[in-house]
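Me: I'd like to go through this model with you, one question at a time. Shall we start with the helices and then move on to the strands?

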Amino acid sequence: MTQNIYPVILCGGSGTRLWPLSRKSYPKQFAQLTGEQSLFQATIERLSGSVYEQPLVITGNDFRFIVSEQLQAQGVHNADILIEPDGRNTAPAVLVAALWLQARSPDALMLVSPSDHVIPDIEQFSSAVSAGVEAASGGELLTFGIQPDRAETGYGWLELSGDTATLPIKLGAFKEKPDQANAERMLASGTHLWNAGIFLFSAKSIVAAFEKFLPDMIAPVTAAVNEAEPDLNFMRLNVAAWSQVESISIDYGIMERAENISVMPYSGRWSDLGGWDAVWREAEQDERGVVLSGQATALDCDNTLLRSEDDSQELIGLGLKDTVVVAMKDAVLVADSSRAQDVKDVVEVLKTKSAKQAEAFPRDHRPWGWFETLALSERYQVKQIVVKPGGVLSLQSHMHRSEHWIVVTGTARVTIEDQVQLVYENQSVYIPLGAKHRMENPGKLPMVLIEVQTGSYLGEDDIIRYEDAYARE
């Protein structure tokens, strides 16, 4: 590579096909699906090194602190994090990134990548990117194509045109997700690749494509970027300007209409983890095709995924074939492997039932740490609360509940009205109804406490916030 590349990581979406582990409040890119790193962290690692600039991450308001925390865990402290007021699909996000980078480096090359793909061979992927730099610098819009190993109906495909021995290869056409017969035909042809949804081009070239094919998007997106406002270490795109932006994908809006499109083939392992069947394929299977995770045991099972997400829960599969079982504390999925793509329909059914499991994750992540409900009844709730080092909860009060805090690990600095005290392990403190209070972790290790709430209403909206270190309203 002759010039550095700016990674642009698109970090939105809900990942409903991987329910119950992936939910709207905590989608799949932040989960540890294939190893100790989240998919987002693995993406950051893959796009790090001397040839890459610090990443530009585009995400939503609800995920900003999770993004920041996982970036820091990867040792990335200077990334630009842009917050979309709401999701508008991939085309506006790409244009935002192009305008943002162009203002900083007129000749910037940008590698646009989803945050939730599995590409384990970093060196091979880097080689594919390197092979596309010259073409991208010369004005080509490159899309990466995956060498297919099966007649997959869950992916879009790319038809190649011209000399396949010279890289990159000119694109013939984009193909929508095919039926089985067409997928088998494209696989047999040898001239089709899976569409990875990863792109390499110069900011200048993609802006020119928007000016040609989506000219009405230029003005509102430019305004959203130019009028972006800082919020802690984030930049918030302008809400009013963003509301005028059309929702459309980069494939539909630009790539399927432009003529300067080339394909960079990639023959290494790749998956978008678009369903539990994909997770099963990517995992290490035993001689009978069984994949186990957590406290899971298989007896006389074949081609089955058993995944327990709770250490206190034993998951046993007996005589199962071609089955996916994912067990969490608040929800369990049992599905035929052939129906993995239909798991999204489960989420829609749960929404009609107003089931909180449809979108809410059992562990609620906050900028200061996380909490999880251990017991809930009509007049009381018990939570486990973990506050990271330096974490500070807002100064707040409640109108309908009192609280008891019991520190089990670490030390808490507790404010109640005008009194500030340190509460050590095995000590407790009582927060009367209506009292202004705050909790902090002044230590260097996570602080864990048990909170017992009692009162007539226990909802998270029973809060009056007076001060907040994270600028939340």
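Reply: Happy to! Bear in mind that this is a predicted model. The axes of helix 1 (residues 39-46) and helix 2 (residues 64-73) come within 10 Å of each other and cross at roughly 50°.

Me: How do helix 1 and helix 2 lie to each other: roughly parallel, roughly perpendicular or oblique?
Reply: Their axes cross at roughly 50°. Angles under 35 degrees count as roughly parallel, and 65 to 115 as roughly perpendicular. The crossing angle falls in neither range, so helix 1 and helix 2 are oblique.

Me: Is the crossing of helix 1 and helix 2 left-handed or right-handed, and which residues of helix 2 make the contact?
Reply: Helix 1 passes helix 2 in a right-handed crossing. From helix 1, the contact involves Phe40, Gln41 and Ile44. On the side of helix 2, the residues are Val67, Gln70, Leu71 and Ala73.

Me: Why can strand 11 be called largely enclosed by the rest of the structure?
Reply: Strand 11 covers residues 261-266. A residue counts as buried under 20% relative accessible area. Strand 11 is largely enclosed because its buried residues number 5 of the 6.

Me: Which residue of strand 11 stands opposite Ile146?
Reply: Strand 5 (residues 141-146) runs parallel to strand 11, and 6 bridges join the two. Ile146 belongs to this pairing, and the residue opposite Ile146 in strand 11 is Tyr266.

Me: What is the bridge partner of Lys170 in strand 11?
Reply: Strand 7 (residues 169-175) pairs with strand 11 in the antiparallel sense, over 2 bridges. In strand 11, Lys170 has as its bridge partner Ser262.

Me: Which strands are at the edges of the open sheet with the order 12-14-16-17?
Reply: This sheet has 4 strands, and its pairing is mixed. Its neighbouring strands are turned by 0° against each other on average, direction ignored. An edge strand pairs on one side only, and here that holds for strand 12 (291-293) and strand 17 (332-336).

Me: Which residue of strand 14 stands opposite Val291?
Reply: Strand 12 and strand 14 (residues 305-308) pair in the parallel sense over 3 bridges. Opposite Val291, in strand 14, stands Leu305.

Me: What is the average twist from one strand to the next in the sheet of 6 strands?
Reply: That open sheet has the order 18-19-20-27-22-25, with antiparallel pairing. Its edges are strand 18 (363-366) and strand 25 (428-431). From one strand to the next, the twist averages 20°.

Me: What is the bridge partner of Arg366 in strand 19?
Reply: Strand 18 and strand 19 (residues 369-376) run antiparallel and are joined by 4 bridges. For Arg366, the bridge partner in strand 19 is Gly369.

Me: Is Arg401 buried or exposed?
Reply: Arg401 lies in strand 22 (residues 401-409). Its relative accessible area is 4%. Because the limit is under 20%, Arg401 is buried.

Me: Which residue has its backbone oxygen 3.1 Å from a polar atom of the side chain of Arg401?
Reply: The side chain of Arg401 also has a polar contact of 3.4 Å with the side chain of His398. Leaving aside residues up to four places away in sequence, Arg401 touches several residues, among them Leu433, Gln453, Tyr457 and Asp462. The backbone oxygen at 3.1 Å is that of Gly459.

Conventions:
Residues are numbered from 1 along each chain as its sequence is written. This is a predicted model: local features need pLDDT of at least 70, side-chain atom pairs count only at pLDDT 80 or more; totals for chains, interfaces and linings use all residues. Side-chain values use heavy atoms; hydrogens and water are left out. Two strands pair if DSSP finds at least two bridges between them. Axes are lines fitted to C-alpha atoms, for helices over the stretch in contact, and angles run from 0 to 180 degrees between N-to-C directions. Buried means under 20% relative accessible area, exposed over 50%, partly exposed in between (1.4 Å probe, protein chains only). A polar contact is a pair of N or O atoms within 3.5 Å; within protein, one must be able to donate a hydrogen and the other to accept it, and residues adjacent in sequence count only if both atoms are side-chain atoms. Contact means heavy atoms within 4.5 Å. Angles under 35 degrees count as roughly parallel, over 145 as roughly antiparallel, 65 to 115 as roughly perpendicular and the rest as oblique. A crossing is left-handed if the near helix is turned anticlockwise from the far one by less than a right angle, and right-handed if clockwise.
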